[in-house]
Amino acid sequence: MSKIWIRIISILEIIGGLSGIAFVVWEIVATPTDRHPVVIGAIALAVYVFSFIAGIALWLERPFGRVASIVVQAIQLPKYISQLIIFMFSFGLDVYVYGMLTPNAQPVFGFELKFLAFNQLFVNVPDAPAGFGISISSCVFLGMLLKFKPKRLSQDASNDGQRAEQTLAADSVEHGGY
């Protein structure tokens with residue numbers, strides 16, 4: 001797998017995290033002090049901070065970066081809308097398809113393209129449509145991340161192999177060979 005795609009994913013997560021942090025902080029500051037929006041804003045802020053950290057760790061090719069980026073892409077994957085909860089997060093670049101049923105039973109299908117950061121996280125929304133979507137970009141990025149082996153992990157594995165060979169050679173010398 002090309003390092004270029006891993007770099008692109010990490011840049012999108014970093015940009016999405018930074019812009020998401022800025023958007024959420026602006027929303028928290030601009031919203032009147034009501035507990036519910038502040039709690040939801042704090043959750044969204046934590047998700048964007050995690051995206052930023054995951055992007056940096058992935059850029060550095062750390063094993064944590066790969067795992068954290070998989071979690072970030074898994075957060076971005078579903079787009080769920082109902083009266084109980086609305087859950088959508090986008091980091092950097094997101095292309096998703098969706099289908100929904102409006103409150104007056106009209107089916108709607110489409111696709112959306114989001115840049116920078118986008119979130120909708122609401123609880124108990126009366127008259128909300130029912131719908132589900134899936135992020136195409138997240139599906140592609142998840143496939144790439146699952147195939148990616150961080151260099152730190154590969155170096156550790158090769159060092160373990162060298163250590164095992166050295167241990168076998170030392171045991172062989174101590175016991176007079178096999």
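## A walk through the predicted model

Helix α3, spanning residues 63–76, has 14 residues and reaches 20 Å from its first C-alpha to its last, close to the 20 Å expected at 1.5 Å a residue, where the expected span is 1.5 Å times one less than the number of residues. Helices (H or I, at least four residues) and strands (E, at least two) are DSSP runs numbered from the N terminus. This is a predicted model, in which local features need pLDDT of at least 70 and side-chain atom pairs count only at pLDDT 80 or more, while totals for chains, interfaces and linings use all residues. Residues are numbered from 1 along each chain as its sequence is written, and side-chain values use heavy atoms, with hydrogens and water left out.

Within α3, the buried residues include Gly65, Arg66, Ala68, Ser69, Val72, Gln73, Ile75 and Gln76; buried means under 20% relative accessible area, exposed over 50%, and partly exposed in between, with a 1.4 Å probe and protein chains only. An α-helix has 3.6 residues a turn, so residues three or four places apart point the same way.

Gln76 also appears in the surroundings of Ser137, which touches Gln76, Leu93, Asp94 and Val95 when residues up to four places away in sequence are not counted, contact meaning heavy atoms within 4.5 Å. Ser137 belongs to helix α4 (residues 136–147) and counts as buried, because its relative accessibility is 9%. The side chain of Ser137 reaches the backbone nitrogen of Val95 at 3.3 Å; a polar contact is a pair of N or O atoms within 3.5 Å, of which, within protein, one must be able to donate a hydrogen and the other to accept it, and residues adjacent in sequence count only if both atoms are side-chain atoms.

Asp94, one of the residues touched by Ser137, meets Lys79 through a salt bridge between their side chains (2.7 Å, N to O). Asp94 lies in strand β2 (residues 85–101) and Lys79 in strand β1 (residues 78–81), so this pair ties together parts that are 15 residues apart in sequence. Both Asp94 and Lys79 are buried. A salt bridge is defined as a side-chain nitrogen of Lys or Arg within 4 Å of a carboxyl oxygen of Asp or Glu, and by this rule the count comes to four.

Another of these pairs joins Arg7 to Glu61, with the closest N and O atoms 3.8 Å apart. Since Arg7 lies in helix α1 and Glu61 in the loop between α2 and α3, the pair ties together parts that are 54 residues apart in sequence. Arg7 is partly exposed at 25% relative accessibility, whereas Glu61 is buried at 5%. Lys3 joins Arg7 and Glu61 in a network of salt bridges.

Helix α1 (residues 3–30) also holds Ser19, which is buried, with a relative accessible area of 10%. A polar atom of the Ser19 side chain lies 3.4 Å from the backbone oxygen of Gly16, and, leaving aside neighbours within four places in sequence, Ser19 is in contact with Leu116 and Ala117.

Leu116 returns at the surface, where it forms a nonpolar patch of about 800 Å² together with Ile11, Ile15, Phe23, Ile56, Trp59, Leu60, Leu113 and Phe115. Helices α1 and α2 (35–59) and strand β3 (107–123) each supply at least two residues of this patch. Patches are made of residues with over 30% relative accessible area and no salt bridge, like charges being joined within 9 Å and nonpolar side chains (Val, Leu, Ile, Met, Phe, Trp, Tyr) within 5 Å. Phe115, found in strand β3, is exposed, with a relative accessible area of 55%.

How values were computed: Areas by Shrake-Rupley, 256 points an atom, 1.4 Å probe, with all protein chains shown as cover.
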